[in-house]
Amino acid sequence: MFQFQSEKALSILESFASHPGDDRLQFRVHYWGINPMHYDNHLHKHSFYEICYVIDGSGRYLDDGHWFALEPGTLFCSRPGIWHQIRSDAGMYLLFVAFEPDSAHSDPQALRMYQTLHTTDRFLLHQANHTSTALLWQALMRQLEAPHPLWKETLSPMALALIVSFCSTFRKPDEDMRTIPPIKTDARLLKRACVFIIDNISQPLPLDSIARYLNISGRHLSRLFSEKLGISYIGYVQRERVRHAAELLAYTDISILEAAEKTGFNSVHYFTRVFAKQTGLPPGEYRQLHRSTLDPR
């Protein structure tokens, strides 16, 4: 079981995780709950969402006139406007959070995913300990046990991840599939190619070799660069070599020869020619100009 005092843990959550959000979604948390011995409550309803996670014990949950069994590992969602009630003879260890999206400070498109949470009939899940919601909730609680916690830096983003996970956890699997955007395979391949080039800039980078790494043809890879980036594969590699060399010349004291070798040029003469063509200055003058700009003395 979790090793913390419930009241202290709740105070920490209320201080650092009451308004989780990012640039697209903001939430208001009305309250967090950690109750090691939850028995009965009255029949009631909310204007917000309340998600509960049964850590231990058993009981029953009434939702819109129907009773459902509760057991360790059960997740259930009390939706706005639905009459509900919890009962337990021996008590349950419950974690819960009551929240609602902050519509005034959230992106309308991002908010639409909560429409399915409001109307879902998949509001109670047994054996849910391995869902993303349960694992995130456990991680959030473990963070409260940390001997040297960074609560300000960790609790709000962890709370946001937990609350966002509710939509996918309680949504029907077929609904999940309908909301997943089509995978942009070409964009993913191009990103992988660019990252590989940057990470291996000191090495020879023949097009066919990178294409084999990505399990595509050289023709396909060449087309991705020309159509998506408006530059040839060779042109992109050369541009990245020069860009990295310029950083080395500007911010380190390595020699021009070393800068050429570290960026994959096989000769200083060729490096100087390509560098001057792209930057307008030979390497030595580029370094001198940049250094004088940084240090007017």
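**A five-stranded sheet and what packs on it**

In this predicted model, 5 strands (DSSP runs of E, at least two residues, numbered from the N terminus) form an open sheet in the order β1-β7-β2-β5-β8, with antiparallel pairing (strands pair if DSSP finds at least two bridges between them). Because β1 (27-38) and β8 (124-125) each have a single partner strand, they sit at the edges, with one side lacking a neighbour in the sheet. Over at the β8 end, β5 (residues 75-78) runs antiparallel to β8 and is joined to it by 2 bridges, with L75 standing opposite L125.

Now for the core. A nonpolar core is a set of buried Ala, Val, Leu, Ile, Met, Phe, Trp, Tyr and Cys residues joined through side-chain atoms within 4.5 Å, where buried means under 20% relative accessible area (1.4 Å probe, protein chains only). The largest one has 51 residues, and W32, F99, W137 and F166 are among those with the most contacts inside it. Its largest share, 8 residues, comes from α5. Apart from it there is another core of 18 residues, including L190 and F225.

W137 also turns up in helix α4 (residues 132-143; helices are DSSP runs of H or I, at least four residues), as one of its buried residues, alongside T133, A134, L140, M141 and Q143. Contact means heavy atoms within 4.5 Å, and W137 touches, among others, W32, L75 and F166. The cover over α4's buried residues includes α1 (6-16), β1, β2, β5, β7 and α5.

Residues are numbered from 1 along each chain as its sequence is written, and side-chain values use heavy atoms, leaving out hydrogens and water. Local features need pLDDT of at least 70 and side-chain atom pairs count only at pLDDT 80 or more, while totals for chains, interfaces and linings use all residues.

Key:
Buried < 20%, exposed > 50% of the residue type's maximum accessible area, 1.4 Å probe, protein only. Lists of a residue's contacts leave out its neighbours within four places in sequence.
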